Amino acid sequence: MPVVLVDVGETDVLPIFIAFEEALSIARGLDAEDIGRPLTHDLTLDVVEELGGRLERVVVHDVEDGTYFADVHLRTPRGTTVVDARPSDALALAVRTNAPISVAPAVFEAGRRARGEFEELQDIREVSAQ
């Protein structure tokens, strides 16, 4: 199970465990990789933008029994709205738009880990190339 490390400090990170495919989608967004046809996250952003909306930010706002919860904040022609999302989906959308990502302080405190615990993790892009 891949891990996404949300970098929120110089010495600590917030690890969020996600599935391989979701991690790969985040990596593709970071790399701005175009694979010819839109993947689900690309399609979602295309629909939002075609309807005049824009992703403004992502907030990881809660954790319950090890499960993280996120919100996607959108600006639309009708005003602003907040949509519930899995953190992996929210992060995949945010990296495609360079939208800010934030973590609620209480969530960070509940899940923070020392960065050194994850030094031996491989980048998902390296794993998928093998």
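Start at the surface: select Leu43, Val47 and Leu51, which make a nonpolar patch of about 290 Å². The model on screen is predicted, and every value in this tour is computed from it.

Keep Val47 selected and colour its helix. Valine 47 sits in α2, residues 40–50. Its relative accessibility is 42%. Valine 47 counts as partly exposed because that value falls between the 20% and 50% cut-offs.

Next, go inside. The largest nonpolar core has 25 residues, and Leu14, Leu55 and Val72 are the ones that touch the most other members. To see where the core comes from, colour the elements that give it two or more residues: β2 (12–17), α1 (20–31), α2, β3 (54–64), β4 (67–76), α3 and α4 (105–111). Which of them gives the largest share of this core? It is α3, with six residues.

Now isolate α3, residues 87–97. Eight of its 11 residues are buried, so the helix is largely enclosed by the rest of the structure. To check this in the viewer, select the buried set: Pro87, Ser88, Ala90, Leu91, Ala92, Leu93, Ala94 and Val95. When reading positions along a helix, recall that residues three or four places apart point the same way, because an α-helix has 3.6 residues a turn.

From that set, pick Ser88. Is serine 88 buried or exposed? Its relative accessible area is 7%, so with the cut-off at under 20% serine 88 is buried. What is serine 88 in contact with, once its neighbours within four places in sequence are left aside? Show Ile18, Glu22 and Ile26 around it: these are its contacts.

Follow α3 to its end. Just after the helix, asparagine 98 takes a positive phi of about 60°, although asparagine 98 is not a glycine. Its place is the loop between α3 and β6 (101–103). With a relative accessible area of 72%, asparagine 98 is exposed, whereas Ser88 in the preceding helix is buried.

For the last stop, move to the loop between β3 and β4 and select Asp65. What is the phi of aspartate 65 near? The angle is near 55°, a positive value in a residue other than glycine. Aspartate 65 has a relative accessible area of 81%; the cut-off for exposed is over 50%, so aspartate 65 is exposed. The strands on either side of this loop, β3 and β4, are among the elements that give two or more residues to the core.

Note on methods
Residues are numbered from 1 along each chain as its sequence is written. This is a predicted model: local features need pLDDT of at least 70, side-chain atom pairs count only at pLDDT 80 or more; totals for chains, interfaces and linings use all residues. Side-chain values use heavy atoms; hydrogens and water are left out. Helices (H or I, at least four residues) and strands (E, at least two) are DSSP runs, numbered from the N terminus. Buried means under 20% relative accessible area, exposed over 50%, partly exposed in between (1.4 Å probe, protein chains only). Contact means heavy atoms within 4.5 Å. Patches are made of residues with over 30% relative accessible area and no salt bridge: like charges are joined within 9 Å, nonpolar side chains (Val, Leu, Ile, Met, Phe, Trp, Tyr) within 5 Å. Accessible areas come from the Shrake-Rupley method with a 1.4 Å probe; for residues, only the protein chains shown count as cover. A salt bridge is a side-chain nitrogen of Lys or Arg within 4 Å of a carboxyl oxygen of Asp or Glu. A nonpolar core is a set of buried Ala, Val, Leu, Ile, Met, Phe, Trp, Tyr and Cys residues joined through side-chain atoms within 4.5 Å.
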